[in-house]
Amino acid sequence: MPSGSLQQYDSLVTMRGNLHSCRLCPYVTAIKSSMQVHLRTHTGERPFKCHFCPEAFTRPSNLKRHERTHTGERPYKCRFCPGKFALRNTLNRHVRTHTGERPFKCHLCPEAFTTLSAFKRHERTHTGERPYKCHLCPEAFIDGTTWNRHVRTHTGERPFKCPFCPSAFCESSTLKQHVLTHTKECPYQCHLCAQAFNKKSNLTRHVRSHTRERSFS
């Protein structure tokens, strides 16, 4: 690592035993290379560049995921329905909508969750922990997603760019929804009939027409 990079690393990271602690957020790791990757979220360094557009990324996995928005590649196929996905993790989450599996169980209440991130976020509603602190104001948050979204209210950053038009968005979920207006894709498949929808909320409302569930009394 060049001496300049070493100086930058030392200025942004605190060593506690064998742990590397980021001085700008609560991130801690025992692996220096993981911290080097993490610091790119603060320094803005993006060494992995897309071959199809000017976008660049902090991790090769993020680049690969992005390039699939250009190629349309969806290598992970659901065994229950025609759904196809760009990421294995997305497929795993999707499969649980068929199986009903909730492997992440809270030890403080009966709640259980389909994803680890949702489980950790829920645990903090019990503990009151808010480890993600804004460096521009006194606000603090229970998860990194909310923290990132909040920081963009200060910076005005819109990092999620549409591959089909000049639009850009503050949140990846908004971009995904926008891209469907170009592709006309309906990724939310009903497991009780053949209908599919371009919004998860529309699928949820449709499923209630099968189950007769009335969520709002």
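The expected span of a helix is 1.5 Å times one less than its number of residues. Keep that rule at hand for the first exercise, and bear in mind throughout that this is a predicted model.

**Exercise 1. Helix 5**

Task: Work out how the span of helix 5 compares with the expected one, and find which residues of helix 5 are buried and what covers them.

Solution:
- Step 1. Start with the length: helix 5 runs over residues 116-127 and has 12 residues.
- Step 2. Compare the spans. From first C-alpha to last, helix 5 reaches 17 Å, close to the expected 16 Å.
- Step 3. Look for residues under 20% relative accessible area, the cut-off for buried. In helix 5 these include Ala118, Phe119, His122 and Arg124.
- Step 4. Turn to the cover over those buried residues, which includes strand 8 (104-105), strand 9 (112-113) and strand 10 (132-133).
- Step 5. Step past the end of the helix: Gly128 follows helix 5 and has a positive phi, near 75°.

**Exercise 2. The largest nonpolar core**

Task: Find which residues make up the largest nonpolar core, then see what surrounds Tyr9.

Solution:
- Step 1. Collect the members. Seven residues form this core: Tyr9, Leu12, Val13, Cys22, Cys25, Met35 and Leu39.
- Step 2. Assign them to elements: helix 1 (3-12) and helix 2 (32-43) are the ones that contribute two or more residues.
- Step 3. Zoom in on Tyr9. Leaving out residues up to four places away in sequence, Tyr9 touches His20, Lys32, Met35, Gln36 and Leu39.
- Step 4. Pick out Lys32 from that list, as Lys32 lies over the face of Tyr9, at 4.9 Å from the ring centre.
- Step 5. Check for ring-to-ring partners too: a search of the whole structure gives zero aromatic pairs.
- Step 6. Finally, find the other core, which lies apart from the largest one and has five residues, including Cys81, Phe85, Leu91 and Val95.

**Exercise 3. Salt bridges**

Task: Take three salt bridges, Glu45 with Arg40, Arg96 with Glu101 and Arg149 with Glu171, and say how exposed each partner is.

Solution:
- Step 1. Recall the principle: side chains of opposite charge can pair when their charged atoms come close. The limit used here is 4 Å between nitrogen and oxygen, and the count comes to six salt bridges.
- Step 2. Begin with Glu45 and Arg40, whose closest N and O atoms are 3.8 Å apart. Glu45 is partly exposed because its relative accessibility is 41%, whereas Arg40 is buried at 17%.
- Step 3. Move on to Arg96 and Glu101, which meet at 3.9 Å, N to O. Arg96 is buried, with 18% relative accessibility, while Glu101 is partly exposed at 41%.
- Step 4. End with Arg149 and Glu171, at 3.5 Å between the closest N and O atoms. This pair links distant parts of the chain, 22 residues apart: Arg149 sits in helix 6 (residues 144-155), and Glu171 in the loop between strand 13 (168-169) and helix 7 (172-183). Arg149 is partly exposed at 32%, and Glu171 is partly exposed at 26%.

**Exercise 4. Arg68**

Task: Decide whether Arg68 is buried or exposed, and list its contacts.

Solution:
- Step 1. Locate the residue: Arg68 belongs to helix 3 (residues 60-71).
- Step 2. Apply the cut-off. Arg68 counts as buried because its relative accessible area is 10%, and buried means under 20%.
- Step 3. List the contacts. Setting aside neighbours within four places in sequence, Arg68 is in contact with Glu73, Pro75, Tyr76, Ala86 and Leu87.

Note on methods: Residues are numbered from 1 along each chain as its sequence is written. This is a predicted model: local features need pLDDT of at least 70, side-chain atom pairs count only at pLDDT 80 or more; totals for chains, interfaces and linings use all residues. Side-chain values use heavy atoms; hydrogens and water are left out. Rings of Phe, Tyr and Trp (its six-membered ring) pair if their centres lie within 6.5 Å; planes under 30 degrees apart count as stacked, over 60 as edge-to-face and the rest as tilted. A charge sits over a ring if NZ of Lys or CZ of Arg is within 6 Å of the ring centre and within 35 degrees of the ring normal. A salt bridge is a side-chain nitrogen of Lys or Arg within 4 Å of a carboxyl oxygen of Asp or Glu. Buried means under 20% relative accessible area, exposed over 50%, partly exposed in between (1.4 Å probe, protein chains only). Helices (H or I, at least four residues) and strands (E, at least two) are DSSP runs, numbered from the N terminus. Contact means heavy atoms within 4.5 Å. A nonpolar core is a set of buried Ala, Val, Leu, Ile, Met, Phe, Trp, Tyr and Cys residues joined through side-chain atoms within 4.5 Å.
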